Amino acid sequence: MHDAMKLERFTNALAQSDFDVVVAASPENSWYLSEAVIDTQRTLPERLALVAWPKDGEPVYIVCTNEQIQARRDSWIPDLRGYIEYKESPMGHLAQALTEKGAAQGTIGIEKRFLTAHYFEQLAE
């Protein structure tokens, strides 16, 4: 069961923001929204776990396929998508999710302090 009050605070803040979607990428923020602790986010920073949360709609949780079983067990987010490490970029899955949610052309809140320039450039493409 997820922490409804915490998520309500987040959705209220998102509703009042200028963002069409927020993408959590840091271990702390992806845990806060997904409620799944993916330890490898700290030991392997290039192995991202991302939560894309549109202002209008349900969130998407993107994790490495190595972490999918744990993420499905621990997270409340039903739309869970996996990327194959070293074969696929999580940014491709994120771009697809943003497009599906109608937010790709909108204002995206993203953790630029956490994402590498490499990942940020991939998403920008």
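**Exercise 1. Place Glu-35 in the fold and classify its backbone and burial.**

Step 1. Glu-35 sits in the loop between α2 (27-34) and α3 (40-43). Helices are DSSP runs of H or I with at least four residues, strands are E runs of at least two, and both are numbered from the N terminus.

Step 2. The model is predicted: local features need pLDDT of at least 70, side-chain atom pairs count only at pLDDT 80 or more, and totals for chains, interfaces and linings use all residues. Residues are numbered from 1 along each chain as its sequence is written, and side-chain values use heavy atoms, without hydrogens and water.

Step 3. Glu-35 is not a glycine, yet its phi is positive, about 70°. Most residues other than glycine have a negative phi.

Step 4. Glu-35 counts as buried because its relative accessibility is 18%. Buried means under 20% relative accessible area, exposed over 50%, partly exposed in between (1.4 Å probe, protein chains only).

**Exercise 2. Is Tyr-86 buried or exposed?**

Step 1. Locate Tyr-86 in the loop between β4 (80-83) and α5.

Step 2. Read its phi: Tyr-86, not a glycine, has a positive value of about 70°.

Step 3. Tyr-86 has 70% relative accessibility, so it counts as exposed.

**Exercise 3. Which elements each supply at least two residues of the lining of the largest pocket?**

Step 1. The elements are α5 (90-100), β5 (108-110) and α6 (117-124).

Step 2. Lining residues have an atom within 4 Å of a pocket point. Among them are Leu-98, Ile-108 and Phe-120.

Step 3. Sort the lining: eight nonpolar, one polar and no charged. Ala, Val, Leu, Ile, Met, Phe, Trp, Tyr, Cys and Pro count as nonpolar, Asp, Glu, Lys and Arg as charged, the others, Gly among them, as polar.

Methods
On a 1 Å grid over the protein atoms alone, a cavity is a set of points where a 1.4 Å probe fits but cannot get out, and a pocket is an open set with protein on both sides within 12 Å along at least five of seven lines; lining residues have an atom within 4 Å of a point.
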